[in-house]
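Biologist: Please take one part of this model and look at it closely, residue by residue, and then place that part in its wider setting. I would like the cut-offs stated as you go.

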Amino acid sequence: MSKKNITCLLVGLLLSAVAQATTVYVSDVQFVAIRQGQDNNSPAVERGIKSGTPLQVLEKSNGYTKVKTPSGNVGWVADYFLSDDQVTREQVIQLQEQLTKLSQSKVDLNKQYDESQQNVAALTTQVSNLEKDKAQLTQQLASMKALTDKAKTIVEKNDNVAYQIDTLKQQLAAAKAQAKDKGDSNQQKWFAIGAGTLLGGVLIGILIPLTRRKKTSSGTWV
């Protein structure tokens, strides 16, 4: 074997080894068939491989690539059906699905946001009403405190007046007792005076006739 042939064989083996370590993807087409030979008219080894399917590269030759499918079938496929990067069609479909979900999520979030804003507005109104009620209650409490203080003052004054009344009642009772004692003493005094007067009158009534008789008797003797 010539040196040239050996060199070509080594290059072919190196290319084959590199190809075996490479992965390609079915390009942006709907479906691809894997065939037995390097011809689109060759019998298909596997049909219906959709875009985005990863294929293991085994060999490259004349615009065709020998690949191994995920199901284990081996065959040839034209290079223009393959891409070194993951196919955009599947990505687009996935992105569209994600976009649809995100759009729905956005709608839901907007709805929740609107509901939240309504709840915030309602809560703000409630807080405002509660502040007004609080102000009214504070004012009422202040009024009630003022009335309580006034009532307390009145009660204290009434207690003082009641004490004064009790004191006056006691003084009046004492005065009545003294007046009664004085009245009884005066009554006894006047009773004694009256009795003495009466007794004196009786004595005078007795003595006057006796005096007259003595005078008459005296006249007779003369």
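Modeller: Buried means under 20% relative accessible area, exposed means over 50%, and partly exposed lies in between, with a 1.4 Å probe and protein chains only. This is a predicted model, in which local features need pLDDT of at least 70 and side-chain atom pairs count only at pLDDT 80 or more, while totals for chains, interfaces and linings use all residues. Residues are numbered from 1 along each chain as its sequence is written, and side-chain values use heavy atoms, with hydrogens and water left out.

The part I have chosen is glutamate 46, which sits in strand E3, residues 44-50 (helices, H or I of at least four residues, and strands, E of at least two, are DSSP runs numbered from the N terminus). Glutamate 46 is buried and yet has no salt bridge (a Lys or Arg side-chain nitrogen within 4 Å of an Asp or Glu carboxyl oxygen). The nearest side chain of opposite charge (Lys and Arg positive, Asp and Glu negative, with His and chain ends not counted) belongs to arginine 47, 11 Å away. What the side chain of glutamate 46 does have is a polar contact with the side chain of threonine 69, at 2.7 Å (N or O atoms within 3.5 Å, one able to donate a hydrogen and the other to accept it, with sequence neighbours counted only between side-chain atoms). A polar contact of 2.7 Å also links the glutamate 46 side chain to that of asparagine 73. Setting aside residues up to four places away in sequence, glutamate 46 touches Val32, Ala33, Ile34, Thr69, Ser71 and Asn73 (heavy atoms within 4.5 Å).

As for the wider setting, the protein contains 2 helices and 7 strands, and from the N terminus on its elements follow the order α-β-β-β-β-β-β-β-α. Of the 222 residues in the protein, 13% are buried, and among contacts with a separation of 6 or more, 53% join residues 24 or more positions apart.

Another buried residue in a strand is threonine 65, found in E5, residues 64-68, with a relative accessibility of 0%. The side chain of threonine 65 makes a polar contact of 3.2 Å with that of lysine 60, and beyond four places in sequence the contacts of threonine 65 include Val57, Gly75, Trp76 and Leu82. In the loop between strand E4 (54-61) and E5 lies asparagine 62, which is not a glycine but has a positive phi of about 50 degrees. Most residues other than glycine have a negative phi. Asparagine 62 is exposed, with a relative accessible area of 67%.

By contrast with glutamate 46, charges do pair in helix H2, where the side chains of lysine 145 and aspartate 149 form a salt bridge of 3.3 Å, N to O; the count for the model is 1 salt bridge. Because these two residues are 4 apart in helix H2, about one helical turn separates lysine 145 from aspartate 149. Lysine 145 is exposed at 52% relative accessibility, whereas aspartate 149 is partly exposed at 38%.

Helix H2, residues 88-221, also holds isoleucine 206, which is partly exposed with a relative accessible area of 47%. Together with Leu203 and Leu207, isoleucine 206 forms a nonpolar surface patch of about 280 Å² accessible area. Patches join residues with over 30% relative accessible area and no salt bridge, like charges within 9 Å or nonpolar side chains within 5 Å, and areas are Shrake-Rupley values with a 1.4 Å probe, only the protein chains shown counting as cover for residues.
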